[in-house]
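User: I am new to this structure and would like to be led through it in questions and answers. Could you begin with the sheets and then go on to single residues?

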Amino acid sequence: GLGTFALQEDGSTTGIFQYRGSTNGTLPNTVRVGSNVAGGSLAFTYAGGTTGMYIKGSDGKVGIGTTSPSAPLHVVSSTTSDLLRLEGTDTGNSSAPDLILYRNSSSPAVNDFIGIIDFKGKDDGGNEKYYARMGAKIRDASAGSEDGQLFFMPARDGSTDVSNASLVLDSGFGAVFNEGGHAALDFRVESDSNANMIFVDA
């Protein structure tokens, strides 16, 4: 087609570099780079052939630092510094940068989980394990009177049961520690110079 550079092997088109103009009904004004082979993947390399970004042809998953992505976006790095950086340059007092976890459900309901952040690592047997979780649930999905719940659950004895969170912050009844009695919990308040270690204003 117009604006298409085709790459061929054995007489058949295996890859394309294409520009689609404003009159193209599918992805107009777009530069398209890809494989014409069923299941063909796309790799971006640097430094003599090292793969920097990889788009898996069979499912469209994107890998950065890996050619075997196991999620829609899978980033692998040996760095001990920043692995993900979101930087906002706004000079006003608006909130930025923002990180949003959005569960776009067509039927939101009470007790729906709307996002979980997992902290995982390996045990001494080389198995991938959960070590802590934090997440959020819907407490009331009624339009105009929405309520939410935030929970924190460190692993204990190999379990991160979200129904027995160590700390729950609930819009209806405040902060709750160890509601399910999952394990003995040491609640400690330490202070050196504050006037009140615990202050209750009733």
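User: Before the details, how many bridges join strand β11 to β12, and in which sense do they run?

Analyst: This is a predicted model, and what follows should be read as a description of that prediction. Strand β11, which covers residues 167-170, runs antiparallel to β12. Within this pairing, L169 is placed opposite A175 of β12. The sense is therefore antiparallel, and the number of bridges is four.

User: What is the order of the strands in the open sheet of five strands, and which of them stand at its edges?

Analyst: The sheet of five strands is open, its pairing is antiparallel, and its order reads β8-β9-β10-β11-β12. At the edges each strand has a single partner, so one of its sides has no neighbour in the sheet. Neighbouring strands here are turned against each other by 15° on average, with direction ignored. The edge strands are β8 (113-122) and β12 (174-177).

User: How are β8 and β9 connected, and which residue in the turn has a positive phi?

Analyst: β8 and strand β9, the latter spanning residues 128-140, are antiparallel and are joined by nine bridges. One of the bridge pairs is formed by K122 and its partner E128 in β9. The two strands make a hairpin with five residues between them, and the residue in the turn with a positive phi, about 85°, is G126.

User: Is E128 buried or exposed?

Analyst: E128 belongs to strand β9. Its C-alpha atom is separated by 36 Å from that of V33, a residue 95 positions away along the chain. Because exposed means over 50% relative accessible area, the value of 57% places E128 among residues that count as exposed.

User: R133 is also found in β9; which side chain does it join in a polar contact?

Analyst: R133 has a relative accessible area of 17%, and since the limit for buried is under 20%, R133 is buried. A polar contact of 2.6 Å links its side chain to that of another residue, and this partner is D118.

User: How far apart in space are A136 and S70?

Analyst: A136 has its place in strand β9, where it counts as buried at 19% relative accessibility. In sequence A136 and S70 are 66 residues apart, and their separation in space, taken from C-alpha to C-alpha, is 24 Å.

User: Which residues line the largest pocket, and what is its volume?

Analyst: The lining consists of L73, H74, V75, L83, L84, L99, L101, I116, I117 and D118. The elements that give two or more residues to this lining are β7 (73-75) and β8. By class, the lining has eight nonpolar residues, one polar and one charged. The volume of the largest pocket is about 520 Å³.

User: Which strands stand at the edges of the open sheet of three strands?

Analyst: This sheet has the order β1-β2-β3 with antiparallel pairing, and on average its neighbouring strands are turned by 10° against each other, direction ignored. β1 pairs with strand β2 (residues 12-20) over six bridges, and T4 has Q18 as its bridge partner in β2. Each edge strand has a single partner, so one side is left without a neighbour in the sheet, and these strands are β1 (4-9) and β3 (30-35).

User: Where does D170 lie, and which backbone nitrogen is found 3.4 Å from a polar atom of its side chain?

Analyst: D170 is located in strand β11. With a relative accessible area of 6%, D170 is buried. The backbone nitrogen lying 3.4 Å from a polar atom of its side chain is that of F173.

User: Which peptide bond is cis, and which residues other than glycine have a positive phi?

Analyst: Most residues other than glycine have a negative phi, and most peptide bonds are trans, which is why such cases are worth listing. The bond from A96 to P97 is cis, with omega near -5°, and P97 is in the loop between β7 and β8. N111 lies in the loop between β7 and β8, while A47, exposed at 64% relative accessible area, is in the loop between β4 (42-46) and β5 (50-55). Residues with a positive phi include A47, at about 50°, and N111, near 75°.

Note on methods. Residues numbered from 1 in each chain as written. Predicted model: local features only at pLDDT ≥ 70, side-chain atom pairs only at ≥ 80, totals over all residues. Heavy atoms only, no water. Pairing = 2+ DSSP bridges. Axes fitted to C-alpha atoms, helices over the stretch in contact; angles between N-to-C directions. 1 Å grid on protein atoms, 1.4 Å probe; cavity = no way out; pocket = protein on both sides within 12 Å on 5 of 7 lines; lining within 4 Å. Points joined across faces, edges and corners; volume = space filled by probe spheres on them. Nonpolar A, V, L, I, M, F, W, Y, C, P; charged D, E, K, R; others polar. Buried < 20%, exposed > 50% of the residue type's maximum accessible area, 1.4 Å probe, protein only. Polar contact = N/O pair within 3.5 Å; in protein donor to acceptor, adjacent residues only side chain to side chain.
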